[in-house]
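Student: I am new to this structure and should like to be guided through it. May we begin once it is displayed?

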Amino acid sequence: MVSEASLAGALSNRRFELIVLPTEKCNFRCTYCYEDFQIGRMKRRTIDGIKKLIEVRVRDIDDFTLSWFGGEPLLAEGVVREIGGFAHGLCKSSGIQFHGALTTNAYTLQRGLFDDLVAIRHNNYQITLDGDAEWHDRTRLLANKTGTFDVIWKNLVDMQGLQQNFRITLRLHVHSENIESVRRLYGKVQQAFGGDDRYQVFFHRVSNLSGEKGIPQTELGFARYQQVLAYITGAQDVGEPPKATSEASLGDYICYAARPNSLLVRADGRIGKCTVALNDPRNDVGRLLDDGTLDLDQQQLQRWFEGYRTMDARTLSCPLSTLPA
Ligand code: SF4
């Protein structure tokens, strides 16, 4: 059951969120990835269009969230710095709450860059690990097939030296073959960051929403998944209470794709809703024009808001899962 507070937040016209893909290229080649890396770094006209859009929208809102996604957004670090710094400065001078967030593989998120991003209030990071080094380095590989765990872990540990507030959400992928590896990783996370509230764990049951290169044989059924999470989190003996959540505890979640006050801007200026279905024509809902205005196909767009008519929690939490073909 979705709460009134969640609905009010999703429908508020005093809030605005832009999810920006500054490049759709990636330095990783995860074995299960659904992206095709066709679209490269965002062009100048789209960067300037986003800045103009932000400039106009902040006049009528109290709260602005700028979320970076990719590809790997930090491959276009200059775009993140430019638009992020612009949005932060504008919101600060206009008295608007600003939140910057990145979904990143964190491979290039070294301490100097992290400090600079936190300084422009990019305080929220979602970083995925597929297990400890033993499993992660089988699936989350660089394009040259090298493993990535040690570099990411070093970056995570280095971040802890920063005094400022931030939130790192470690998204741990779980499926039937990596349970022991995730359990070891969870223990490692608790030991390294268990006393630091800025680090959180979010378990994600790997499934095959894109339908392209999935791993259906290893997907856990929901009941089994809950048992597995209890096993992973309950077997630790590190003194700190587990700070973990998962989809199993997200009854009140409305996906950004279902929120009328959230839009995705792709690297080529197309406007979408969902960050998973990037190759799906149902996700093409318009274009950002050079002057910062939006040319939206209202009929395409409205399909993502079906959950408010049916009040179906599944549709609100993932509109793609029930979107008609
Ligand atoms: S619509 Fe579903 S698949 Fe797309 S971003 Fe939301 S939860 Fe993910």
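Tutor: Let us start with one pair of residues: asparagine 124 stands opposite arginine 167 in strand 5. Strands here are DSSP runs (E, at least two residues) and helices likewise (H or I, at least four), numbered from the N terminus. This is a predicted model, in which local features need pLDDT of at least 70, side-chain atom pairs count only at pLDDT 80 or more, and totals for chains, interfaces and linings use all residues. Residues are numbered from 1 along each chain as its sequence is written.

Student: In what sense do strand 4 and strand 5 pair, and over how many bridges?

Tutor: Two strands pair if DSSP finds at least two bridges between them. Strand 4 covers residues 122-129 and strand 5 residues 167-174. Glutamine 126 stands opposite threonine 169 in strand 5. The two strands pair in the parallel sense, over six bridges.

Student: Which residue of strand 4 is the bridge partner of threonine 103?

Tutor: Strand 3 (residues 97-104) runs parallel to strand 4, and five bridges join them. In strand 4, the partner of threonine 103 is glutamine 126.

Student: Which residue in strand 6 is the bridge partner of leucine 172?

Tutor: Strand 5 also pairs with strand 6 (residues 199-205), in the parallel sense and over seven bridges. In strand 6, leucine 172 has as its bridge partner phenylalanine 203.

Student: Through which helix does the chain cross from strand 5 to strand 6?

Tutor: This β-α-β crossover is right-handed: with the strands pointing away from the viewer, the path from the first strand over the helix to the second runs clockwise. The crossing passes through residues 179-193, which form helix 7.

Student: Why do the buried residues of helix 8 line one face of the helix?

Tutor: A residue is buried if 20 or more other C-beta atoms lie within 10 Å of its own, exposed if 12 or fewer, and partly exposed in between, with C-beta atoms placed from the backbone. The buried residues of helix 8 are Tyr225, Val228, Leu229, Ile232 and Thr233. Seen down the helix axis, they line one face because they fall within an arc, taken from the directions from the axis to the C-beta atoms, of 120°.

Student: Which exposed residues does the face of helix 8 turned away from its buried side carry?

Tutor: Helix 8 comprises residues 222-234. Its face turned away from the buried side carries the exposed residues Ala223, Arg224, Gln227, Ala230 and Gly234.

Methods. Expected span 1.5 Å × (residues − 1).
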